[in-house]
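This briefing introduces the structure to a reader who has not met it before. The sequence and the structure are shown first, and the points that follow are grouped by topic.

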Amino acid sequence: MTLEEFDYNLPEELIAQDPLEKRDEAKLLVLDKKTGEYEDKKFYDIIDYLNKGDALVLNDTKVLPARLIGTKEETGASIEVLLLKDLGHDEWQCLTKPARRIKEGTVVDFGNGKLKCTCTKVEDEGIRNFKFEYKGIFLEVLDELGNMPLPPYIHKSLPKDKQDFYQTVYARELGSAAAPTAGLHFTKELLEKIKEKGIKICYITLHVGLGTFRPVSEEKIEDHKMHSEYYMMTKEVADTLNDVRKNGGRIIAVGTTSCRTLETIMKDNDEFKETSGWTDIFIYPGFKFKGIDALITNFHLPKSTLVMLVSALAGKDNIMRAYNHAVKEKYRFFSFGDAMFIK
């Protein structure tokens with residue numbers, strides 16, 4: 001399969017630049033993966049498509065305020081550092097811009113000395129490892145100096161009093177470089193109504209890393225290599241999901257991160273189990289799903305691995321028809337945009 005097969009025309013004005021004040025009032029495109037039929041709803045209507053005995057699986061990762069703007073100590077040049085992976089002992093793997101200015105030994109200063117980092121390793125594609133120095137508690141310093149690492153297609157920053165709009169209402173496990181955005185549409189009230197209807201709500205963790213920011217450059221998509229991301233599932237959740245499956249309920253993933261975690265665990269174990277590890281699973285058409293029955297997701301970038309994932313679940317032709325309908329109906333796209341339910 002070629003990269004061009006997963007392209008579609010998206011007017012730039014449909015890329016959402018701001019979050020909705022009322023999370024669950026986003027549009028919802030409901031797509032039947034068997035028939036290809038779709039209907040336009042609001043996100044709060046999702047409860048009508050969930051049945052007693054189903055399980056809703058959400059990713060409870062929490063986004064670090066991981067985007068730091070500092071100065072190169074030697075020259076005063078502006079440097080952006082995005083924390084990606086905690087390597088332990090105050091060392092982090094980071095995405096750096098402009099990376100060409102950063103060599104081993106380069107020192108970057110943030111907040112007039114409140115936080116400094118020294119480059120310990122140079123990797124490709126803008127990746128650098130840094131050792132950080134600070135006084136006090138690192139996460140408190142980061143909270144003061146860092147910003148939410150919004151994707152590059154969002155052209156303005158969130159004000160400090162709206163940073164939580166880029167977190168799900170159930171975020172609790174710090175460690176992501178980006179939000180699992182399908183979950184941004186849920187409110188605590190909506191989750192409570194879903195629970196009252198008899199749907200099991202389960203939380204897993206996948207810390208979103210570099211893969212989210214990396215475009216596909218290979219013409220043959222099978223040649224693309226995914227970066228690995230850390231995931232966790234508890235015994236309680238594994239037992240619940242196995243019971244739901246045994247009793248005929250559906251497993252509904254909220255977001256591609258939840259989907260990738262569930263499919264990784266099923267691929268490795270043929271059942272859900274308490275586990276943690278790193279996944280670089282790449283899901284594209286031809287993939288046989290064993291972990292999920294349905295998916296709540298946002299609308300994804302043309303030619304991205306996430307368009308490939310939803311095409312694997314619903315069929316590429318169905319997805320492209322649904323996406324073209326969403327463009328025509330002026331749905332809002334990407335992280336702060338509207339949602340799709342593939343059932």
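Which residues touch the most other members of the largest nonpolar core? In this predicted model, they are Leu241, Leu262 and Phe333, in a core of 66 residues. Helix H5 supplies the largest share of this core, with 7 residues.

**Nonpolar cores**

- Leucine 241, one of the residues named above, touches Ala55, Val57, Cys202, Met233, Ile251, Leu262 and Phe272, when residues up to four places away in sequence are not counted.
- Another core, of 24 residues, lies apart from the largest one; among its members are Val30, Ile194, Val254 and Phe341.

**Helices H5 and H6**

- Helix H5 covers residues 305–314 and helix H6 covers residues 316–328. The two pack at an angle of about 115 degrees, and their axes are 7 Å apart.
- On the H5 side, the contact is made by Val307, Val310, Ser311 and Ala314, which meet Lys316, Asn318, Ile319, Met320 and Tyr323 of H6. By type, the residues of this contact comprise 6 nonpolar, 2 polar and 1 charged.
- Helix H6 is built of 13 residues and reaches 18 Å from its first C-alpha to its last, close to the 18 Å expected at 1.5 Å a residue.
- Just after H6, lysine 330 adopts a positive phi of about 60 degrees.

**The buried residues of H6**

- Asn318, Ile319, Met320, Ala322, Tyr323, His325, Ala326 and Val327 are the buried residues of H6.
- These buried residues pack against H5 and against four strands: E1 (27–31), E2 (38–42), E16 (294–298) and E17 (339–342).
- Histidine 325 belongs to helix H6 and counts as buried because its relative accessibility is 14%, below the 20% limit. Leaving aside neighbours within four places in sequence, histidine 325 is in contact with Leu29, Tyr38 and Asp40.

**Salt bridges**

- Side chains of opposite charge can pair when their charged atoms come close. A search of the whole structure finds 17 salt bridges, including the three described below.
- Glutamate 73 and lysine 116 form a salt bridge whose closest N and O atoms are 2.8 Å apart. Glutamate 73 lies in the loop between strands E5 (67–72) and E6 (78–88), and lysine 116 lies in strand E9 (residues 115–122), so this pair ties together parts that are 43 residues apart in sequence. Glutamate 73 is partly exposed at 46% relative accessibility, and lysine 116 is partly exposed at 28%.
- Lysine 235 forms a salt bridge with aspartate 239, with 2.8 Å between the closest N and O atoms. The two residues are separated by about one helical turn, because they are 4 residues apart in helix H3 (residues 235–246). Lysine 235 counts as partly exposed at 48% relative accessibility, as does aspartate 239 at 33%.
- Lysine 290 and aspartate 270 meet through their side chains in a salt bridge of 2.7 Å, N to O. Lysine 290 lies in the loop between strand E15 (275–279) and E16, and aspartate 270 in the loop between helix H4 (256–269) and E15, so the pair ties together parts that are 20 residues apart in sequence. Lysine 290 is partly exposed, with a relative accessible area of 36%, whereas aspartate 270 counts as exposed at 56% relative accessibility.

Definitions and conventions
Residues numbered from 1 in each chain as written. Predicted model: local features only at pLDDT ≥ 70, side-chain atom pairs only at ≥ 80, totals over all residues. Heavy atoms only, no water. Axes fitted to C-alpha atoms, helices over the stretch in contact; angles between N-to-C directions. Contact = heavy atoms within 4.5 Å. Nonpolar A, V, L, I, M, F, W, Y, C, P; charged D, E, K, R; others polar. Expected span 1.5 Å × (residues − 1). Buried < 20%, exposed > 50% of the residue type's maximum accessible area, 1.4 Å probe, protein only. Core = buried A, V, L, I, M, F, W, Y, C linked by side-chain atoms within 4.5 Å. Salt bridge = Lys/Arg side-chain N within 4 Å of Asp/Glu carboxyl O.
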